[in-house]
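Grab a coffee and open the viewer. Here are some short exercises on one protein, each with a worked solution to check yourself against.

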Amino acid sequence: MKVEFWTTGKTREPWLREGVEVYLKRLRRYLPFGMVEIPDVKGGGRLAEHELLRREGEALLGRLKPGDRLVLLDERGAARGSEEFARHLERRLQGTENRL
(Lines give C-alpha, C1' and ligand atoms only; values in the text may rest on other atoms or scores of the structure.)
Protein backbone atom coordinates (compact mmCIF):
# COMPACT_ATOMS: atom_id res chain seq x y z
CA MET A 1 0.00 0.00 0.00
CA LYS A 2 1.26 3.46 -0.86
CA VAL A 3 0.29 6.54 1.11
CA GLU A 4 0.14 9.92 -0.62
CA PHE A 5 -0.32 13.35 0.88
CA TRP A 6 -2.19 15.58 -1.57
CA THR A 7 -2.20 19.36 -1.44
CA THR A 8 -3.86 21.93 -3.65
CA GLY A 9 -1.41 24.43 -5.05
CA LYS A 10 2.31 24.69 -4.47
CA THR A 11 3.98 25.20 -1.12
CA ARG A 12 5.77 28.47 -1.72
CA GLU A 13 7.40 29.25 1.62
CA PRO A 14 10.96 27.82 1.67
CA TRP A 15 10.86 26.99 5.40
CA LEU A 16 7.64 25.02 4.96
CA ARG A 17 8.99 23.23 1.90
CA GLU A 18 12.08 22.23 3.91
CA GLY A 19 9.92 20.87 6.71
CA VAL A 20 7.85 18.86 4.26
CA GLU A 21 11.02 17.34 2.78
CA VAL A 22 12.28 16.36 6.26
CA TYR A 23 9.04 14.54 7.06
CA LEU A 24 8.88 12.88 3.64
CA LYS A 25 12.36 11.49 4.19
CA ARG A 26 11.41 10.20 7.65
CA LEU A 27 8.15 8.62 6.52
CA ARG A 28 9.70 6.86 3.54
CA ARG A 29 11.77 4.76 5.95
CA TYR A 30 8.58 3.12 7.17
CA LEU A 31 6.27 2.93 4.15
CA PRO A 32 5.96 3.95 0.51
CA PHE A 33 4.97 7.61 0.88
CA GLY A 34 4.65 10.41 -1.66
CA MET A 35 3.40 13.94 -1.97
CA VAL A 36 1.22 15.15 -4.82
CA GLU A 37 0.57 18.82 -5.54
CA ILE A 38 -2.75 19.29 -7.31
CA PRO A 39 -2.54 22.42 -9.51
CA ASP A 40 -4.47 25.47 -8.38
CA VAL A 41 -7.88 25.99 -9.97
CA LYS A 42 -7.47 28.29 -12.97
CA GLY A 43 -8.98 31.67 -12.23
CA GLY A 44 -9.52 30.64 -8.61
CA GLY A 45 -8.72 34.11 -7.32
CA ARG A 46 -11.87 35.45 -8.98
CA LEU A 47 -14.20 32.74 -7.64
CA ALA A 48 -16.36 32.83 -4.54
CA GLU A 49 -14.87 30.67 -1.77
CA HIS A 50 -17.61 28.01 -1.99
CA GLU A 51 -17.11 27.70 -5.76
CA LEU A 52 -13.33 27.46 -5.39
CA LEU A 53 -13.71 24.73 -2.76
CA ARG A 54 -16.19 22.86 -4.98
CA ARG A 55 -13.77 22.92 -7.92
CA GLU A 56 -10.82 21.87 -5.77
CA GLY A 57 -12.93 18.99 -4.46
CA GLU A 58 -13.80 17.91 -7.99
CA ALA A 59 -10.12 17.98 -8.96
CA LEU A 60 -9.19 15.82 -5.95
CA LEU A 61 -12.03 13.34 -6.40
CA GLY A 62 -11.26 13.09 -10.13
CA ARG A 63 -7.81 11.71 -9.30
CA LEU A 64 -9.08 8.87 -7.11
CA LYS A 65 -8.89 5.34 -8.46
CA PRO A 66 -11.09 2.37 -7.50
CA GLY A 67 -9.87 0.97 -4.21
CA ASP A 68 -8.28 4.23 -3.05
CA ARG A 69 -9.15 5.53 0.39
CA LEU A 70 -9.36 9.24 0.99
CA VAL A 71 -8.71 10.89 4.36
CA LEU A 72 -9.33 14.61 4.61
CA LEU A 73 -7.43 16.75 7.09
CA ASP A 74 -9.40 19.79 8.14
CA GLU A 75 -8.83 22.40 10.83
CA ARG A 76 -12.41 21.76 12.00
CA GLY A 77 -11.84 18.00 12.35
CA ALA A 78 -10.81 15.96 15.36
CA ALA A 79 -7.39 16.92 16.67
CA ARG A 80 -4.91 14.06 16.87
CA GLY A 81 -1.33 14.10 18.06
CA SER A 82 1.40 12.68 15.85
CA GLU A 83 1.75 9.48 17.85
CA GLU A 84 -2.00 8.83 17.92
CA PHE A 85 -2.27 9.45 14.19
CA ALA A 86 0.72 7.13 13.54
CA ARG A 87 -0.88 4.31 15.59
CA HIS A 88 -4.15 4.79 13.77
CA LEU A 89 -2.46 4.77 10.37
CA GLU A 90 -0.59 1.60 11.32
CA ARG A 91 -3.89 -0.13 12.16
CA ARG A 92 -5.32 1.00 8.81
CA LEU A 93 -2.31 -0.30 6.90
CA GLN A 94 -2.61 -3.65 8.69
CA GLY A 95 -6.30 -3.79 7.77
CA THR A 96 -7.57 -3.90 11.35
CA GLU A 97 -9.52 -0.63 11.17
CA ASN A 98 -11.95 0.69 8.55
CA ARG A 99 -12.31 4.30 9.70
CA LEU A 100 -9.69 6.98 10.13
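Before starting, one cut-off: a residue is buried when its relative accessible area is under 20%, exposed when that is over 50%, and partly exposed in between. Keep in mind that this is a predicted model.

**Exercise 1. Work out the overall layout of the protein.**

Start with the elements: the protein has three helices and two strands. Next, read along the sequence, and you get the pattern β-α-β-α-α. For the dimensions, the C-alpha trace spans about 45 × 30 × 25 Å along its principal axes.

Now turn to the surface. Of the 100 residues, 18% count as buried. The protein exposes about 8,500 Å², and carbon and sulfur atoms supply 53% of that. Finally, look at the contacts with a separation of 6 or more: residues 24 or more positions apart account for 57% of them.

**Exercise 2. Find the largest nonpolar core and see what F33 touches.**

A bit of background first: in soluble globular proteins, nonpolar side chains tend to be buried together. Here, the largest nonpolar core is made of five residues, namely V3, V20, L24, L31 and F33.

Then pick out F33 and skip residues up to four places away in sequence. What's left touching F33 is V3, F5, L24, L27 and R28.

Now come at the core from helix 3, where L93 sits. Leaving aside neighbours within four places in sequence, L93 is in contact with M1, V3 and L31. L93 has a relative accessible area of 33%, so this residue is partly exposed. As a distance check, the C-alpha atoms of L93 and V36 are separated by 20 Å, with their positions 57 residues apart along the chain.

**Exercise 3. Locate a nonpolar patch on the surface and place L73.**

The patch consists of F5, V71 and L73, which together have about 270 Å² of accessible area. To place L73, look at the loop between helix 2 (49–61) and helix 3 (82–94). Is L73 buried or exposed? Its relative accessibility is 61%, which is over the 50% cut-off, so L73 counts as exposed.

**Exercise 4. Trace two salt bridges that tie together separate parts of the chain.**

The structure holds seven salt bridges. Begin with R12 and D40, whose side chains meet at 3.8 Å, N to O. R12 lies in the loop between strand 1 (3–8) and helix 1 (14–27), and D40 in the loop between strand 2 (33–38) and helix 2, so this pair ties together parts 28 residues apart in sequence. Now check the accessibility of each partner: R12 is exposed at 60%, while D40 is partly exposed at 44%.

Next comes E37 with R17, where the closest N and O atoms are 2.9 Å apart. E37 belongs to strand 2 and R17 to helix 1, so the pair ties together parts that are 20 residues apart in sequence. Relative accessible area is 25% for E37, which makes this residue partly exposed. R17 is partly exposed too, at 30%.

**Exercise 5. Compare E51 and E56.**

Take E51 first. E51 forms a salt bridge with R54, with the closest N and O atoms 2.6 Å apart. Both residues lie in helix 2, three residues apart, or about one turn of the helix. What are their exposure classes? E51 has a relative accessible area of 18%, so it is buried; R54, at 40%, counts as partly exposed. Step back from the pair and you'll find a network of salt bridges linking E51, R54, R55 and E58.

Then move to E56, which also lies in helix 2. E56 is buried yet has no salt bridge. Which side chain of opposite charge is nearest to E56? That's R55, 10 Å away. Lastly, list the contacts of E56, not counting residues up to four places away in sequence: E56 touches T8 and V41.

To wrap up the comparison, E51 is buried and paired with R54, whereas E56 is buried without a salt bridge.

Technical notes:
Residues numbered from 1 in each chain as written. Predicted model: local features only at pLDDT ≥ 70, side-chain atom pairs only at ≥ 80, totals over all residues. Heavy atoms only, no water. Core = buried A, V, L, I, M, F, W, Y, C linked by side-chain atoms within 4.5 Å. Buried < 20%, exposed > 50% of the residue type's maximum accessible area, 1.4 Å probe, protein only. Contact = heavy atoms within 4.5 Å. Patch = residues over 30% accessible without salt bridge, like charges linked within 9 Å, V, L, I, M, F, W, Y side chains within 5 Å. Areas by Shrake-Rupley, 256 points an atom, 1.4 Å probe, with all protein chains shown as cover. Salt bridge = Lys/Arg side-chain N within 4 Å of Asp/Glu carboxyl O. Helix = DSSP H or I, 4+ residues; strand = E, 2+ residues; numbered from the N terminus. Lys, Arg positive; Asp, Glu negative; His and termini not counted.
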